Amino acid sequence: MALTALDIYKLLPKTNCKDCGFPTCLAFAMQLTAGKEGIDKCEHASEEAKQTIGAAAAPPLPKIVVGTGDRAVILGDEVVLFRHEKTFYHPTAIAVSVSDALPDEELRERLRNISALSFERVGQALSVDLVAVRCESGDPGRFAAAAATSLAAGGKPLLLIGPCTALESAVGKTGTSRPLVCPPPGETENGARLAASRKLPLVVRARGMEGLAKALAAARAEGATELVADPMPADAAQAVADSVFIRRLAITHRAREIAYPTAFDLGRGFPQPFAAACLLVAKYGSLLTLDTADPAEIFPILTLRQNLFTDPQRPIQVEPGIYPIGNVTSSSPVLVTTNFSLTYFTVRSDVESAKTPAYLLIAECDGMSVLTAWAAGKFTGESIARILAESGIAAQVGHRTLILPGMVARLSGKIEELAQWRVLVGPQESSALPAYLRRLPPAAFAAAHG
Amino acid sequence: MADPPGGRLKFLPEGVSVSLSHGETILAHAIRAGVTILSPCGGEGRCGKCRVAVAGSLRGGDDPGILSPEDRRSGIRLACRCVPLGGEVGVTVLPESRPARLSAYIEGREMAEDGPYLPFHVVPEKGDPLGVALDVGTSTLAGALIDLRDGTVLARATEDNPQMACGEDLISRIVHGEETPDGFPFLRRLLLRGLDKVIADLLASSPGPGKIVEVTAAGNTVLSHILYGLSPAPVRRPPHRPALKEYPVRTGKELGIFNAPSARFRIFPSIGGFVGGDIVAGILASGMHRSEAVTLLFDVGTNGEVALGNREFRIACSSSAGPAFEGGEVACGMRAYPGAIESVRIAPESLAAECTVIGGGKPAGVCGSGILDLCAELFRAGLIDRAGRFVPRAGAPFRETDRGIAFVVVDAGRSATGADIAFTASDLKSVIRTKAALCAAADALLQAVGLSREEVERVYIAGGFGNFLDLRSALTIGVFPPFPLSKFVPLGNASLAGAIGALRSRKRWEEAVSLAPSTAYHDLSSDPAFMDLYQRALFLPHTDAESYCANLSPEIAR
Amino acid sequence: MTIPSAAQTYPGRILSVTLPAGPGGTPVTVGGQNALPLVFEGDRQHRAVVGMEVATGVCELAPSLARALGGREKDPVAFAKACVEEWGAQFLFLSLSACHPDGGGQTVSLGARIAREILDAVPCPAIVGGCGEEEIDTKLFPAVAEAAPRPVFLSYADEKNYRLVGGAAMAYGHGVVSWSPIDINMAKQVNLLLSDIGVPAERILIDPLTGGLGYGLEYTFSIVERIRLAGLGGDGMLARPVLCHLGDAWKAREAVEVSEPSWGDAVVRGRRWEEATGWACLAAGADLLVCGHPENVAAFRGMAWR
């Protein structure tokens, strides 16, 4: 928040009464500035303090929910411009479109393809969030039927794109699933009335920032409150520029009249949609609609989203311990590496593709990668020797040979000295593991004698 | 040449006189006379802090680079460069040339402003009432004997903390306590023995018979716990919550201190975590809690505590900096005793080290201020790079040792031990880690409350160095953030000064008691910003080098 | 209704750095901007530039690359020509991987000679990388620095070898790529060390280590953003052009796997995997991209703005 701990402290009673649960008013102020506590925790705060601190703590970007239950998609509700300042909370929502002009069998096939856009990476499931139904037939009844079919097919929340007549019809059939309605730019007021009456979120489309601000005001005047802004850029360059400006206006300038999550339609002939999608995932796009259902394109976009929306302050870790890969035996190789989630999954994946059963020994390193952990003194000759002794791996294998990541080859002498295991220096890059493991002589893992 | 007739030097306002010794500077005379004059640079004529107003026959000390023409015309000289020639010479130590708070306790000026002398004491049946102020330090125990009739300091004494045998730093001692049977009671007995010795030394120096009736003691939370027979283990583990932050008054007999059995012991309260009574006493002595000026207080010792604030707010932390500045963790390091190299210069052409030794004899090792100088000089001479690695330069006294490459400070032939006094790359790493922790702690506190470095108006330096920390060396290698030199005020042993102040005035004691709970404790180990600041500070002087150059280059250049 | 302008001004400006070319080639200049990328604010004299990697050693190519390069990569000189003349690379990243024991075990002198041949044959600006094996590179960098017929950038100098690489660069008039493993403090520290030994600022590029998509890209993204913000904020040591080498994208299993039909066609997927990595880097502030796939050169260069 904009106020520093000291700014907040000056507004507090400064009695250190501890009623808020913190030992000093300054400690409480530090919690407030970090957004970890609310001013309501202090019963003795003045009205002025409550107002000022409350205003500073108010979220700069509203939260819009599309869909219901565990498939609900959240747009907006962000607090920082750069993920390194804290984190981004809600990954860019991706919608893949289906046209109501498609014959029924093709419509269902398309919906099946969209459902199949589901991938697993590093223990997380990635998939498309919404189905965007386009009214291209001009027929409200047909549009409503297509919407209902889409909802039934995959259970994903809907983005309904069409003229207000078609939207009304579709909302009649799918309204309880809380779809996001998207009328064309000329029909903002009608669309807003519909959205307001059914308490649904609304995309407001208008070209340019000034036009958009006017349209948003008009929508609010009709009683629609849950709004998503689409500045209708002509190309990727304009899209990114608009997206950045709107987010800055919301967070830095607190310009409430244009502080909304953003939506971009990258289908319908939009130039270079893949590039635009990648850029907008990186730069504040809240919802992107794509016409492509090609996994070769969707998978990278979803992975980019997965990467950029991880919390930078929490390295993901796996539990230290012994991880057998494949059908291990007592002469299977033993590899050691750190418990940084990415390291673990990468090495594991590479060992799997080597088709050589092996034991992966994961060391507790506070979720740091190999080099970082070594630099921080958490992945050392001593610590590795200790894992060899304490993890129980010695009972699982007959040999005493350890494969060490090439990056920390210098630790091999120390490990051999302390643990009395033989150390083989593995490749620098995990991706070279398959070749490396295939080249290893089996004698390397024969049972140790004596 | 015939010797000129003898003479006398009279120091004002103390009124202390000392016989004139030819060729000695005023500063040297002052040290002999027990008159304290600030000299952060160690008498090298570089810092300009030892200003005195002189009258009589003298030579030198009027360096135009440091003193202004008006100063020189009004008879102000630098005590470290001015040599009295003979006859009666009057030297008035200017107020700004005294350690700020220590001066108040010597001169008694501040006490008068604040109200009458207000000790707690009871009048003993026999003998004069005496008070003892104790600084229960991790490495050194220090004490002062006070005549409670009028508050004068009768004697001072120091002893090594006997617990050092169980570990140089507090964590090692806690580990020892937990892992050895009877560990904590043993540590307690060691501490009591040390305190008894200090008190015995003080009594031995007392001019007349007296009885100790009041004792104030300021120490780290861990030591306060051990003194009270409480296990300090909870302080070490997150959330670092002390078992007790306020310590009830006990008699010496109840605590187990034989040399002051009926005295009432008041232990300064702790702020939180490791930040204990010694910091509270230091804050008290500095007066920062009564001033509007935003102030930083550094206690440069093994624990490396830093406090930030003013009368409105205060926040403190412990950086666990490490004992490099106490001479620990550095192979050739030693305490500041006779035989310790306390300042170092590296000659630009020969690249050899020139040293000043405490006591003047053969050097046996290097103490904190010397280690600091050595690192600064190595950096200035281009013998180490910003990352703290040795740079091989032709003619430089590097030698291969069994601990790796080392810079030879003193050859075996000229050292007291008969072995090289050598400084290795890993010694340098220890120093860099220590200084990075201290610097980063200060920046972390500023960031936590939302203040910039520019908003800090004063920087107090307290702790193990005493007055002999060369600030220029410290800033050259980045021990502190780049505040201008003029903002720094050395305090010497501020914990002891605070303990003395509390002994003399119950108002001061009450201030201390309310200081502790109103100072926020900041846990660095759970502050993500600290790790980043620490990494940045591992460079010489800092990764943000431009802020050091911008603020300080004339002051830290050779 | 007036909306406040969201354009931002910054006190700093990124230093312009020129990668010189040989006779007949076109030099490229990067940097010089005083604003973040992709937004209409400030002034930008130069656009980001795109180069391609030419490796001298044998390596197994991803299906997507194999299809696009059509075997041309087997002859480094011909390949280098194709990169520039056919596929539009604005500079070359010459990776002397053949000198690595696993890449061919070429001698240092042969490696340096081949580098010279390529630099003679193709006059476009070049960055020359070592083989990745520390001991060999200690000899390779000075050899290349001496053999190069014209100024190039040596990749890379880090906290350990900055004296060697920086020294070689200064002795023969080359530039230096300053490398750090996704750590903004180390990025600045290496630049300080290089500056201390006299490498001129306008001959330094920052390589913060680019993690491939799915394998650390987010770390690179944030470091590049932070470096750029620091530079624009006035930190001179970080106000330098940033180079992102997209090679790690090809190490991802997802970029090369052919036996997962649900992942789509590997030929498309591989190229898109690198492309997504590149867009993220550009969005964060990268000024130079090194890519492997020819179509991505066109895609990145095609953006008419930046």
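Which residues in α9(C) meet which residues in α10(C)? From α9(C) come C:R271, C:E274, C:E275 and C:G278, and they meet C:E295, C:N296, C:A299 and C:F300 in α10(C). Please keep in mind as you browse that this is a predicted model. Below is a short tour of that helix pair, the contacts that chain C makes, a sheet in chain B and the domains of chain A.

**The helix pair in chain C**
- Helix α10 of chain C covers residues 294–302, and its axis lies 10 Å from that of α9(C).
- The two helices pack at an angle of about 35°, and α9(C) passes α10(C) in a right-handed crossing.
- Four charged residues take part in the contact of α9(C) with α10(C), along with two polar and two nonpolar ones.

**Where chain C touches chain A**
- Chain C gives 37 residues to this contact, while chain A gives 47 residues.
- On the side of chain C, the elements that supply two or more residues are α7 (217–232), α8 (253–256) and α9 (266–284).
- Of these, α9(C) gives the most, with nine residues, and α9(C) is also the helix that packs with α10(C).
- In character, the side of chain C that touches chain A has 22 nonpolar residues, ten charged and five polar.

**Where chain C touches chain B**
- Here the contact takes eight residues from chain C and nine residues from chain B.
- The chain C side of this contact holds three polar residues, three charged and two nonpolar.

**A sheet in chain B and the helix across it**
- Six strands of chain B make an open sheet with mixed pairing, and their order is β22-β21-β12-β13-β14-β23.
- At the edges sit β22 (488–492) and β23 (520–521) of chain B, each of which pairs on one side only.
- Strand β21 of chain B, residues 458–463, runs parallel to β22(B), and four bridges join the two.
- If you would like a spot to zoom in on, B:Y460 stands opposite B:V489 in β22(B).
- Helix α10 of chain B (residues 277–286) lies across five strands of that chain, namely β12 (295–300), β13 (305–309), β14 (314–318), β21 and β22.
- Relative to β12(B), this helix runs at about 135°.

**The domains of chain A**
- Chain A is divided into domain 1 (5–57), domain 2 (63–308) and domain 3 (321–445).
- Between the C-alpha centres of domain 2 and domain 3 of chain A, the distance is 46 Å.

How values were computed:
Residues are numbered from 1 along each chain as its sequence is written. Chains are lettered from A and ligands numbered from 1 in the order in which they are written. This is a predicted model: local features need pLDDT of at least 70, side-chain atom pairs count only at pLDDT 80 or more; totals for chains, interfaces and linings use all residues. Two residues are in contact if their C-beta atoms, placed from the backbone, lie within 7 Å. Ala, Val, Leu, Ile, Met, Phe, Trp, Tyr, Cys and Pro count as nonpolar, Asp, Glu, Lys and Arg as charged, and the others, Gly among them, as polar. Domain bounds come from an automatic or database domain assignment. Axes are lines fitted to C-alpha atoms, for helices over the stretch in contact, and angles run from 0 to 180 degrees between N-to-C directions. A crossing is left-handed if the near helix is turned anticlockwise from the far one by less than a right angle, and right-handed if clockwise. Two strands pair if DSSP finds at least two bridges between them.
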